[in-house]
2 protein chains.
Amino acid sequence: MSFTEDNNSPASISATSRRELRELVRSQLQALLEQENLQGAKALLVPVQPADIAEAIEGLPETMQVIAFRLLSKSEAIEVYEFLDSSVQQSLVEEFKRQEVIDIVDKMSPDDRARLFDELPAKIVSRLLAELSPDERRATALLLGYESDTAGRIMTPEYVSLKENWTVGEALERIRSLAHVSETIYSLYVTDSARHLTGILSLRDLVVAQPEQTIGDVMVRELVSVQTDADQEEVARIIQRYDFLAVPVVDTEQRLVGIVTVDDVLDILEAETTEDIYALGGLQSGADSYFQTNLFTVARRRVVWLFVLLVTSVATSAVISSQQEVLQRFVELTAFIPLLISAGGNVGAQSSTVVIRGLNTDEISISKAPHVVRREAIAGALLGIILGIFVLFLAYALQGNWLVACAVGISLVAIAILASIAGSSLPFLFQAIGFDPALMSAPFITTAVDVLGVMIYLNVARAILLTP
Amino acid sequence: MSFTEDNNSPASISATSRRELRELVRSQLQALLEQENLQGAKALLVPVQPADIAEAIEGLPETMQVIAFRLLSKSEAIEVYEFLDSSVQQSLVEEFKRQEVIDIVDKMSPDDRARLFDELPAKIVSRLLAELSPDERRATALLLGYESDTAGRIMTPEYVSLKENWTVGEALERIRSLAHVSETIYSLYVTDSARHLTGILSLRDLVVAQPEQTIGDVMVRELVSVQTDADQEEVARIIQRYDFLAVPVVDTEQRLVGIVTVDDVLDILEAETTEDIYALGGLQSGADSYFQTNLFTVARRRVVWLFVLLVTSVATSAVISSQQEVLQRFVELTAFIPLLISAGGNVGAQSSTVVIRGLNTDEISISKAPHVVRREAIAGALLGIILGIFVLFLAYALQGNWLVACAVGISLVAIAILASIAGSSLPFLFQAIGFDPALMSAPFITTAVDVLGVMIYLNVARAILLTP
């Protein structure tokens with residue numbers, strides 16, 4: 001996707017009513033197409049932003065999508081196409097006439113094209129590749145050569161490069177001639193004859209410089225770049241950290257091969273956030289959108305985690321089985337098992353959420369682990385004491401037995417402390433041994449705390465109730 | 001924070017070793033300051049990016065922070081200061097001499113200054129406001145007049161505005177003269193004599209236009225803007241959706257009052273993500289950073305949610321108490337209570353996570369609720385059957401009683417279906433009645449499913465075991 005640097009996309013609406021307007025465009029478009037009023041539909045779309053047209057087209061029945069798309073002018077069609085979901089892009093490619101496909105695919109940004117090719121069947125990709133213009137074919141083949149989710153795959157090779165010995169005036173001329181085909185003209189890159197990246201400057205630097213100065217005088221020689229194999233999340237974090245508009249991508253010999261721009265980073269961060277949030281919910285995220293995923297695929301993706309958790313739960317069952325004697329004599333103890341383990345699970349989930357999020361945003365580093373675990377243990381103790389006192393009276397009110405109530409209250413304090421220690425230390429442990437700390441998230445902590453909780457509770461109960 | 005449009009910040013390091021290098025800068029800086037080697041410390045910081053200098057200063061003992069900060073040149077000091085945590089900004093303000101403070105605060109971007117003033121004691125703020133230059137005072141007072149987390153508060157009034165009747169050549173001259181004081185020169189705004197926003201264009205548009213064309217010829221008249229009271233997350237979503245570099249902020253009379261730029265949006269989205277993730281972990285997020293928050297404050301913030309969950313758990317206890325008879329006769333049933341309710345909780349958490357994330361990213365809308373709940377119920381049934389068969393044999397292996405094992409297996413199927421229905425429908429319900437759907441997240445679903453799970457299990461068990 002390229003920046004909307006040219007702002008060529010109308011719609012004078014304030015944000016509050018934007019969502020309703022989008023809904024309206026979608027339903028109006030469908031109504032007009034059903035009436036076969038193509039002129040009306042065309043007029044409707046004129047003041048609409050490409051991103052919103054894409055959404056409206058996605059909402060149409062599949063047979064109408066091609067018709068709606070053909071209403072657009074050529075330049076608009078390319079912009080809108082880049083905003084479409086990959087599944088819709090795919091079905092359009094299959095519906096289009098050969099020349100239509102080539103016209104659009106040839107004019108897409110190389111990074112968007114690489115993403116589309118990822119989704120299309122290999123046969124169609126090789127046919128399309130063969131029909132692209134030589135420059136575009138080279139650009140796409142370059143990107144497709146890198147692993148998914150790396151800087152090399154998400155970059156665009158369409159940047160402006162300058163030479164050190166050019167004057168500012170010459171550089172501005174060059175930028176003017178490249179403005180239509182470059183992803184951005186605001187970040188400019190200086191390379192030597194072997195394409196090594198030697199400097200960087202911004203259009204702002206050029207605008208304030210004197211026309212007769214050379215690029216070598218104006219550029220910054222020390223710069224931040226990423227390697228082609230850098231993970232996309234790392235690229236995103238660098239742009240976010242340093243407030244960049246774009247970051248250059250270099251190969252192992254420091255030759256400039258492309259750039260990643262901030263607008264792509266916003267989409268990457270959203271995808272990474274979904275992955276993190278899914279991990280916290282005990283889910284694996286897939287590339288497809290929710291409604292396009294087959295339910296058996298959904299079940300298969302979820303069942304793995306559930307099995308792991310279930311096996312952990314078996315330990316809890318085994319602990320309880322081994323303590324049946326005390327439960328047989330004091331059946332009222334059973335009533336508080338779910339309460340205690342769920343309170344423990346919740347305290348542990350809070351601690352693990354704080355640590356996992358802190359590790360993700362670099363606010364907490366692994367070197368601070370002992371400090372964090374100590375803090376969480378104290379917080380857990382405070383919470384345990386508050387909740388324990390409350391539960392003590394509650395248990396007495398429910399069962400009328402002070403000894404049982406004491407067992408419940410004391411256990412809750414111990415469980416809260418242990419849960420917060422487990423919840424805060426396990427993500428660090430996972431990070432240290434090279435796993436994603438998010439795997440140690442709420443569902444896992446909750447299940448792990450179940451075992452500990454039941455063990456503590458039944459032993460405390462036995463000590464209090466069975467002591468002669 | 002302003003864009004790093006000028007790239008004036010060195011450091012020629014590839015991304016992979018960046019984290020270790022940051023650690024090294026931090027420890028080296030402290031060592032040099034401890035040896036009182038100020039020249040060495042100064043030299044160390046020369047090739048380091050402002051964001052990294054800020055991080056290194058934050059890692060120093062408080063007494064050294066001022067000394068380190070004073071090593072920086074004036075222009076560097078301002079850049080670094082804007083990257084510092086607000087608590088460190090605050091403590092530096094208190095340590096500085098009066099003139100130092102004014103020098104820095106006067107040169108900060110108005111949006112960063114407003115954020116700092118939010119944190120400082122009111123007495124210091126009014127003293128600082130009085131000492132600012134008139135322009136800066138007006139800019140800051142304007143922002144402080146808007147609610148926190150709105151477009152008005154996070155915008156900057158330092159944009160480039162042009163007039164329709166100017167030529168492209170005149171506009172470029174104007175931009176050149178404003179390049180040093182504007183937040184961005186890449187997005188340009190056209191206003192009439194009453195400051196109404198009438199058009200928008202980009203520096204790219206100007207660069208490719210002919211010098212004698214007028215701005216009115218080149219600009220786009222239909223544009224996307226936000227009102228001053230728009231929520232910051234909405235502003236962020238607009239910039240993300242349309243791939244903008246900046247969005248204009250207008251007052252109720254459509255007068256241009258400021259702009260919000262994409263670099264601020266990255267920070268907003270990170271903060272909003274933390275809030276969402278915290279909600280999923282049953283936590284309330286505070287403005288402060290983890291280590292600066294007092295432990296009693298931490299406990300107070302967490303205990304509210306825990307109490308709500310605990311009270312819900314009491315229902316589970318009550319259900320079990322009412323079924324003591326069957327538990328007394330078949331104590332082996334107890335062993336599977338934690339397993340069943342935790343499996344149910346995990347299935348429910350998966351469904352609620354998918355729905356909450358979908359609602360947040362607009363992938364799922366409330367109009368699709370029946371479709372989504374039906375899908376989740378079927379997924380829940382599939383998962384329940386797979387897990388149920390597994391648990392059936394497991395329960396027999398553990399307790400050697402086929403009737404108990406059947407009760408466990410059948411219950412698990414029913415619990416999984418109910419959990420996925422509850423997990424997917426409750427977030428929609430919350431959204432519909434105007435609450436944040438994230439409140440219906442894993443901890444709550446888990447606890448709610450406990451009640452249902454125990455009820456189903458003990459009733460199924462009674463039907464199977466106590467039927468004559």
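Here a biologist asks and a modeller answers about a predicted model with chains A and B.

Biologist: Let's start with the two copies. What kind of axis relates chain A to chain B?

Modeller: Two copies of a chain are related by a rotation about an axis and a shift along it. Here chain A can be laid on chain B by a turn of 180 degrees with a shift of 0.0 Å along the axis, and the RMSD is 0.2 Å. That is the relation of a two-fold axis.

Biologist: And where they touch, how much of the contact surface of chain A recurs in chain B?

Modeller: The contact takes 118 residues from chain A and 117 residues from chain B. By class, the side of chain A that touches chain B has 67 nonpolar, 33 polar and 18 charged residues. The same surface serves both copies, and the share of contact residues of chain A that recur in chain B is 99%.

Biologist: Which helix of chain A gives the most to the side that touches chain B?

Modeller: With 118 residues of chain A in the contact, one element stands out. The top contributor on the side of chain A that touches chain B gives 15 residues and spans residues 295–322: helix α17 of chain A.

Biologist: There's a tryptophan in that helix. Is Trp305(A) buried or partly exposed?

Modeller: Trp305(A) is found in helix α17 of chain A. Its C-alpha atom is separated by 8.6 Å from that of Gln284(A), 21 residues apart along the chain. A residue needs 20 or more other C-beta atoms within 10 Å to be buried. Trp305(A) has 19, so Trp305(A) is partly exposed.

Biologist: Zooming out, how far apart are the centres of domain 2 and domain 3 of chain A?

Modeller: The domain assignment of chain A gives domain 1 (18–154), domain 2 (160–280) and domain 3 (292–465). Taken over C-alpha atoms, the centres of domain 2 and domain 3 of chain A are separated by 48 Å.

Biologist: Now the strands. In the sheet β4-β5-β6 of chain A, which strands stand at the edges?

Modeller: The three strands of this open sheet come in the order β4-β5-β6 (chain A), with mixed pairing. β4(A) and β5(A) run parallel and are joined by two bridges, while β5(A) and β6(A) pair in the antiparallel sense over five bridges. A strand at the edge has a single partner, so one side of it is left without a neighbour in the sheet; that holds for β4 (226–227) and β6 (256–261) of chain A.

Biologist: What residue of β6(A) is the bridge partner of Val250(A)?

Modeller: Val250(A) in β5(A) is also the bridge partner of Gln227(A). Elsewhere on β5(A), Val249(A) stands opposite Gly258(A) in β6(A). In β6(A), the bridge partner of Val250(A) is Leu256(A).

Biologist: Which helix packs on that sheet?

Modeller: The helix touches β5 and β6 of chain A, and its direction makes about 65 degrees with that of β6(A). Its residues are 262–280, and it is helix α16 of chain A.

Biologist: How many residues of β5(A) are buried?

Modeller: In a regular strand the side chains alternate between the two faces of the sheet. On one side of β5(A), Ala246(A), Pro248(A) and Val250(A) are buried, and on the other Val247(A) and Val249(A) are too. β5(A) is therefore largely enclosed by the rest of the structure, and the count is five of the five.

Biologist: Which residue in the turn between β2(A) and β3(A) has a positive phi?

Modeller: β2(A) and β3(A) run antiparallel and are joined by five bridges, with Leu188(A) and Leu201(A) as one of the partner pairs. The two strands form a hairpin with five residues between them. The residue in that turn with a positive phi of about 65 degrees is Arg195(A).

Biologist: Over in chain B, what residue of β2(B) does Ser161(B) stand opposite?

Modeller: Chain B has an open sheet of three strands in the order β1-β2-β3, with mixed pairing. Its twist averages 35 degrees from one strand to the next. β1(B) and β2(B) run parallel and are joined by three bridges. Opposite Ser161(B), in β2(B), stands Tyr189(B).

Methods
Residues are numbered from 1 along each chain as its sequence is written. Chains are lettered from A and ligands numbered from 1 in the order in which they are written. This is a predicted model: local features need pLDDT of at least 70, side-chain atom pairs count only at pLDDT 80 or more; totals for chains, interfaces and linings use all residues. Two strands pair if DSSP finds at least two bridges between them. Helices (H or I, at least four residues) and strands (E, at least two) are DSSP runs, numbered from the N terminus. Axes are lines fitted to C-alpha atoms, for helices over the stretch in contact, and angles run from 0 to 180 degrees between N-to-C directions. Two residues are in contact if their C-beta atoms, placed from the backbone, lie within 7 Å. Ala, Val, Leu, Ile, Met, Phe, Trp, Tyr, Cys and Pro count as nonpolar, Asp, Glu, Lys and Arg as charged, and the others, Gly among them, as polar. Copies are superposed by least squares on the C-alpha atoms of residues with pLDDT of at least 70 in both. Domain bounds come from an automatic or database domain assignment. A residue is buried if 20 or more other C-beta atoms lie within 10 Å of its own, exposed if 12 or fewer, and partly exposed in between; C-beta atoms are placed from the backbone.
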